[in-house]
Amino acid sequence: MRLRAMAKINLGLDILGKRDDGYHEVRMLMQTIQMYDLLDIRRKSSPGITLTTNLLYVPSDERNLVYKAAKLLMDEFDIQEGISMKLTKSIPVAAGMAGGSSDAAAAFVGVNKMFHLDLSEQELMERAVQIGADVPYCIMRGTALAEGIGEKLTRLPQLPKCYILVGKPAVNVSTKLAYENLDLQNMGAHPDIDGMISDIENGDLYTMVSRMGNVFEPGIIGKYPVIQEIKDLMEAHGALKAMMSGSGPTVFGIFDDKNKMKAAARVLRSSHLAKTVFATEVFNRKD
């Protein structure tokens with residue numbers, strides 16, 4: 001069985017405050033894009049889980065979210081057979097694109113299908129939050145509002161047709177570092193999440209894009225100015241807006257024209273500002 005583990009971008013990311021349990025209360029607009037890792041799963045007669053990856057620095061044991069997700073379901077349902085999994089990474093690691101969370105989501109979906117557990121999407125999502133706050137969304141996919149620590153999800157209508165250019169510089173940003181650089185008292189402008197939802201419901205891409213914002217940006221750009229350089233380059237070459245995704249450092253630009261996006265991708269590649277450049281479009285659920 002082969003599954004696609006799709007990346008996400010944050011169209012809007014707001015932090016409302018810190019909770020008593022140490023987590024932060026968030027309001028985020030999430031969007032799946034057509035950029036993905038591949039997870040191959042096979043049954044094996046001997047018990048246990050084996051995992052291999054195409055990147056030496058990605059763990060292939062209990063530290064990997066794919067392994068954790070598969071083990072959670074197999075332990076709960078007392079599955080005696082084993083599985084071997086092969087993870088082929090294309091989504092950049094530590095990039096603010098939920099690559100690890102999406103890989104775990106694919107493991108949940110794959111084990112559920114392979115062993116005919118017949119769990120609904122909602123039942124999978126309820127288990128997925130034990131692995132990570134973004135994992136339930138990565139099972140749901142599409143356009144959604146995420147609240148709480150990211151686990152309270154509301155499905156939204158799909159985005160109007162647009163194209164996405166992804167540029168990740170040669171730096172990695174941990175979510176922990178992003179929160180440490182966040183000044184909750186002096187955060188400045190908050191993105192207009194409610195306005196963006198209304199724009200999506202009205203099919204108004206241009207007004208929605210004008211309201212986009214990510215409260216992590218100032219702190220992270222202060223440490224890594226190359227993020228601002230990538231944003232400026234994308235907007236100078238036709239992006240309606242460019243913004244950092246999640247806790248960074250990946251930048252995405254939204255374009256209303258495919259040829260403009262392709263031209264901007266060529267310029268970004270030749271600039272060497274970004275280590276990874278990927279031109280794609282959004283993924284919208286059909287249901």
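**Exercise 1. Describe how helix α2 passes helix α3, and work out which class their crossing angle belongs to.**

Solution. In this predicted model, α2 passes α3 in a right-handed crossing, a term used when the near helix is turned clockwise from the far one by less than a right angle, left-handed being the anticlockwise case. The helices themselves are DSSP runs of H or I with at least four residues, strands are runs of E with at least two, and both are numbered from the N terminus.

The next step is the geometry: the axes of α2 (residues 99-114) and α3 (residues 121-128) come within 10 Å and cross at roughly 130°. Axes are lines fitted to C-alpha atoms, for helices over the stretch in contact, and angles run from 0 to 180 degrees between N-to-C directions. Angles under 35 degrees count as roughly parallel, over 145 as roughly antiparallel, 65 to 115 as roughly perpendicular and the rest as oblique. The two helices α2 and α3 are therefore oblique to each other.

The last step is to name the residues that touch: F108, V109 and N112 in α2 meet L124, R127 and A128 in α3, where contact means heavy atoms within 4.5 Å.

Before going on, note that residues are numbered from 1 along each chain as its sequence is written. Local features need pLDDT of at least 70, side-chain atom pairs count only at pLDDT 80 or more, totals for chains, interfaces and linings use all residues, and side-chain values use heavy atoms, with hydrogens and water left out.

**Exercise 2. Carry out the same analysis for helices α1 and α2, and then place L73 in the result.**

Solution. Begin with the angle, which is about 30° for the packing of α1 and α2, with their axes 8 Å apart; α1 and α2 are therefore roughly parallel to each other. In this pair too the crossing is right-handed, as α1 passes α2.

Then list the contacts: on the α1 side they involve L65, V66, A69, A70, L72, L73 and M74, which meet G100, S101, D103, A104, A107, F108, V111 and N112 in α2.

Now turn to L73, which is found in α1 (residues 65-76). Its relative accessible area is 0%, so L73 is buried; buried means under 20% relative accessible area, exposed over 50%, and partly exposed in between, with a 1.4 Å probe and protein chains only. Leaving aside its neighbours within four places in sequence, L73 is in contact with I79, F108, V111, N112, L117, L119, L124 and R127.

**Exercise 3. Find the residues with the most contacts inside the largest nonpolar core, and follow one of them outwards.**

Solution. A nonpolar core is a set of buried Ala, Val, Leu, Ile, Met, Phe, Trp, Tyr and Cys residues joined through side-chain atoms within 4.5 Å. The largest such core has 71 residues, and I83, M85, F108, V111 and L165 have the most contacts inside it.

Taking V111 as the example, and leaving aside its neighbours within four places in sequence, one finds contacts with I41, A70, L73, M74, I79, I83 and L117. A second, separate core of 27 residues includes A7, L29, L145 and M243.

**Exercise 4. Establish the strand order of the four-stranded sheet, and say which helices lie across its strands.**

Solution. Start with the order, which is β9-β10-β7-β11 in an open sheet with antiparallel pairing; two strands pair if DSSP finds at least two bridges between them. Because β9 and β11 (276-281) stand at the edges with a single partner strand each, one side of each is left without a neighbour in the sheet. From one strand to the next, the twist averages 20°.

Next, examine the pairings. Four bridges join β9 (residues 241-244) to β10 (residues 251-255), and one of the bridge pairs is M244 with V251. These two strands form a hairpin with six residues between them, and G246 in the turn has a positive phi of about 55°. Five bridges join β7 (residues 163-168) to β10, where L165 has G253 as its bridge partner.

Finally, add the helices: α9 (residues 226-236) lies across β7, β9 and β10, running at about 10° to β10, while α10 (residues 258-271) lies across β7, β10 and β11, running at about 10° to β7. The helices α9 and α10 pack at an angle of about 145°, with their axes 9 Å apart.
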